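These are my notebook entries on a structure that I am looking at for the first time. I begin with strands and how they pair, and then turn to a pocket.

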Amino acid sequence: MLTQLNISNLSIIDRINLEFSEGLNIITGETGAGKSLVIQAVKLLVGERFNREMARDPEKKVSVEGAFSGDFRMLNEDSRDEFEIEDEIVVKRSVDPHGKNKITINGHIATLKQLKKIFDILVDFHGQHEHQRLLNSRNHIKYLDGLLENDLKENYATKYREYRKLASDLERLKKEYRDTLKNKDIMEFQLNEIKSLNIEPDTDRELENRISFLSNIEKIREALSLSLQLLSEGEYNASDLINTSLKEISSVLDYYTDIESIHNRLQDVYYELDDCINNISDLYYKQNGDTEELDSLIKRKMQLDKILSKYGPDFEDVLEFADDLKNKLDNVTFDEEKIERYEAELTDIEKELKNIAGRLNASRKKAARKLAEQVEGILKSLELKDAKFEINIDVKDELDANAGADVEFYIATNKGFSPAPLKKVASGGELSRIMLALKEVFSGMDDTPTLIFDEIDTGISGVTAKKVAEKLQNLGRLKQLFVITHLPVVASKSDSHFHIAKMTEKGTTFTKIKKLSAEEKKEVLATMIAGEVTPHALMQADEMLEQRP
């Protein structure tokens, strides 16, 4: 339960510190005094989005801090471990003038998502927004399912997720299969186009060099022939001239030893030249090639360039693309078998799912009769004596997250009328009582420890207001309740009564909130009854307080 709440710089609240108790906590005050700001502060504390217009002073940060105590075993174990939650939770949230949030849970930094995850379980709000939720028939199945055994719902949810995943996988597989069949001829053409070239990357990369060589073969042979003439075959050639020079130098070696090193070097040149002549001669006589080879290579080069432009840019890319095509074509038969297997599995799961759905919806119908009977009984005690409350369950022959069930609440509040959809016939006061009846039914099985009602008494008065007050008091014995009310009969049932007043000092408006003593509570009740404290109003307030068990 919420034990302490500190608020700073929120709208007309400058700074207040509040301590709450178990049971029914009543908040009263004049219109515009700021009653709903306390609820707004709690909403910020548990993860609602912040609007910068909420700041009293836009140059200062808005801060809310709350302490919660109790047994928190209903929380996720990971959350309890991460934030060291045992029997107390201290939440601090501040928003600076730039809109930057800072949130801590038991001193540990937290996100809005983490905050909401924890407090969606711990605090439940009921106001005009929740009335709208009640009017929306899509939410009715959630109310009804609150009475069911969790195992049945969880089994269906688990099997339905399995069903949806398999159905999604099957649809994806079928699409891939259809795409493959649709493009099969194209894929086979592409694969044959690539395979027909028998690409060998290392060899085919040399094509351009071979084409260049064959294109210039005559020029190459001419150059080699001329070189042989100059080096060894001409009338005057380098080989003969160097050989003659060596002979002349050799003839004087015995007389002129200084020339020996030149002789040796020149002899090396002669041997190197002879080797070059032999190599050139070999190249000259080995070189061959014809126009047919050149034409063939040019044709292949053009084919390869076309393939590279379509599937490249490199030969390895082309070969990888071909492998992928082959795998897809090879998998056509395999995919057919896989689709058949998936369809058989899906049929089996669908049968199982329909079986669970049948049991789940039978359980819902049974729970609906029980819920309708309980709600109708409570509504009669809340002065809707002629109320007929029904829960319509329409089960479709198809599977969805709700097992094919559409649930809608029907009600008739006057004799002689058949029940009609809640959203068409219920007034504001009737909605408040229906909501209260639902909370009473679910109070024994709902783990939420703190309930907050903002104007639950809208549209009611007299005997009805007294009955609502008694219901809130009874509910307060099971839960911690916060109720904003303008009805003295409701306020008289409080375990703790807080009164809010708006004051102006030195041209500045601010809110003051006080936990009332017994005497102060009586005076506030008198004011709510008569608009001011009068002897007669005080007597009426006394009577109300005496009726409180």
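Entry one, on pairing. Before counting anything I note that two strands are taken to pair if DSSP finds at least two bridges between them. I also note that this is a predicted model.

Entry two, on an open sheet. I looked up a sheet of three strands and found the order β9-β10-β11, with antiparallel pairing. Its edge strands are β9 (388-395) and β11 (420-421), each of which pairs on one side only. Between β9 and β10 (residues 405-412) I find eight bridges in the antiparallel sense, and within β10 it is I411 that stands opposite F389.

Entry three, on β4. I next followed strand β4 (residues 62-69), where six of the eight residues are buried, so I describe the strand as mostly covered, with buried meaning under 20% relative accessible area. Strand β1 (residues 2-10) runs antiparallel to β4 and is joined to it by six bridges, with N6 having E65 of β4 as its bridge partner. Strand β5 (residues 88-95) also pairs with β4 in the antiparallel sense, over eight bridges, and there S69 has E88 of β5 as its partner.

Entry four, on the second largest pocket. I looked up its volume, which is about 320 Å³, and its lining of 17 residues, among which G29, E30, H499, I500 and T527 lie nearest the centre. Which element gives the most to this lining? I found that α19 does, with five residues, while β3 (24-29), β14 (496-505) and α19 (518-530) each supply at least two. By class, I record five nonpolar, eight polar and four charged residues in the lining.

Methods:
Residues numbered from 1 in each chain as written. Predicted model: local features only at pLDDT ≥ 70, side-chain atom pairs only at ≥ 80, totals over all residues. Heavy atoms only, no water. 1 Å grid on protein atoms, 1.4 Å probe; cavity = no way out; pocket = protein on both sides within 12 Å on 5 of 7 lines; lining within 4 Å. Points joined across faces, edges and corners; volume = space filled by probe spheres on them. Helix = DSSP H or I, 4+ residues; strand = E, 2+ residues; numbered from the N terminus. Nonpolar A, V, L, I, M, F, W, Y, C, P; charged D, E, K, R; others polar. Buried < 20%, exposed > 50% of the residue type's maximum accessible area, 1.4 Å probe, protein only.
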